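I opened the notebook to look up charges. Two topics are on my list: surface patches and salt bridges.

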Amino acid sequence: MKDLNEYIKEGLFDGVDKLEGKNGLNNNLKFLKKEIIDWIINNTSERVYKNKLSVDMTTTPPTVDYNGNIDFNTNITSLNNDNMFQWGKVEGKFYCAYCTSLKSLEGGPKVVGKDFSCSYCLLLKDLKGAPEEVGGVFDCYFCLSLESLEGCPKEVGSIFNCSYCDKLKSLKGGPEKVGGDFNCYYCNSITSLEGAPKEVGGDFGCSDCKSLKTLKGAPKEVAGNFSCRYCESLTSLKGAPRKIGEVFDCGCCESLTRNK
């Protein structure tokens, strides 16, 4: 168990009577644990069960695991009440979508068993602090300030969607392997597909990316459809996947048509 002074140095007992000695530490840890659980319950829209919450008080900050789903209220500004604790593993889904005041994913879970969503988080500039493992869907679409995918997991079990991120400049830092679809529709600041996943188990969609000039960086193989439709700045199909399981669609690419 950590020494009381280590917790005090971390600022975890600010506003709490800092009783000295073993009994003081135990009492303060019980108080802090209650504060953590209460904060989580009060700031989630989906019901959270206390008996499914596990709080490890031997780490600084304490680590919280949850055997269920977490869905935050949209008014939160932090995923962990300004470093009061650190999420560990969430067995179900973890949603902080539509949290328009959230500026960072720091403090979020390391592992999410099912889906993760931070979509419509309008102030996020990167994905640092995102889970290292996601078993299901990873959604970060419509994050209008997102400039980089740095911080997202290397592998996503199902769909990865970063569509409508108008300031996203590159796909670098994104997942290397996606079990389902990969979508980056309407990402109007990317100019190439450099950084796209190497493996895509479903469809690959980069349609309506107005500044996309080249398909360089696209996966070599796509199990499903590949669509670069309405990419008006695209002048060549060089870099396109060598193998596509279903349909290849490059329709309505005006610059491509003119260069034929």
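My entries on charged side chains follow.

**Entry: the model.** I am working from a predicted model. I keep that in mind for each entry below.

**Entry: positive patch.** I looked for positive charge on the surface. I found a patch where Lys103, Lys125, Lys167 and Lys169 gather. I then picked Lys103 for a second look. Lys103 sits in the loop between β5 (94–95) and β6 (111–112). Is Lys103 buried or exposed? Its relative accessible area is 62%, so Lys103 is exposed. The cut-off for exposed is over 50%.

**Entry: negative patch.** Next I turned to the opposite sign. Glu132, Glu133, Glu155, Glu199 and Glu221 form a negative patch on the surface. I followed up Glu199. I placed Glu199 in strand β14, which spans residues 199–200. Glu199 has a relative accessibility of 45%, so I list Glu199 as partly exposed.

**Entry: salt bridge count.** How many salt bridges are there? The count comes to 5. I wrote up three pairs, as follows.

**Entry: Lys93 and Glu46.** I noted a salt bridge between Lys93 and Glu46, with the closest N and O atoms 3.6 Å apart. This pair links distant parts of the chain, with the two positions 47 residues apart in numbering. Lys93 is in the loop between β4 (86–90) and β5. Glu46 is in the loop between α2 (21–42) and β1 (53–56). I checked cover at the acidic end. Glu46 is partly exposed because its relative accessibility is 27%.

**Entry: Asp208 and Lys210.** The side chains of Asp208 and Lys210 also meet in a salt bridge, at 3.7 Å from N to O. I looked up both partners. Asp208 has a relative accessible area of 11%, so Asp208 is buried. The cut-off for buried is under 20%. Lys210 has 29% relative accessibility and therefore counts as partly exposed.

**Entry: Asp249 and Arg229.** My third pair is Asp249 with Arg229, a salt bridge of 3.2 Å from N to O. Distant parts of the chain are linked here too, as the partners are 20 residues apart. Asp249 lies in strand β19 (residues 248–249). Arg229 lies in the loop between β17 (226–227) and β18 (243–244). How do I class Asp249 for exposure? Asp249 is partly exposed, because its relative accessible area is 23%. Arg229, at 30% relative accessibility, also counts as partly exposed.

Terms used
Residues are numbered from 1 along each chain as its sequence is written. This is a predicted model: local features need pLDDT of at least 70, side-chain atom pairs count only at pLDDT 80 or more; totals for chains, interfaces and linings use all residues. Side-chain values use heavy atoms; hydrogens and water are left out. Patches are made of residues with over 30% relative accessible area and no salt bridge: like charges are joined within 9 Å, nonpolar side chains (Val, Leu, Ile, Met, Phe, Trp, Tyr) within 5 Å. Accessible areas come from the Shrake-Rupley method with a 1.4 Å probe; for residues, only the protein chains shown count as cover. A salt bridge is a side-chain nitrogen of Lys or Arg within 4 Å of a carboxyl oxygen of Asp or Glu. Lys and Arg count as positive and Asp and Glu as negative; His and the chain ends are not counted. The place of a charge is taken as NZ of Lys, CZ of Arg, CG of Asp or CD of Glu. Helices (H or I, at least four residues) and strands (E, at least two) are DSSP runs, numbered from the N terminus. Buried means under 20% relative accessible area, exposed over 50%, partly exposed in between (1.4 Å probe, protein chains only).
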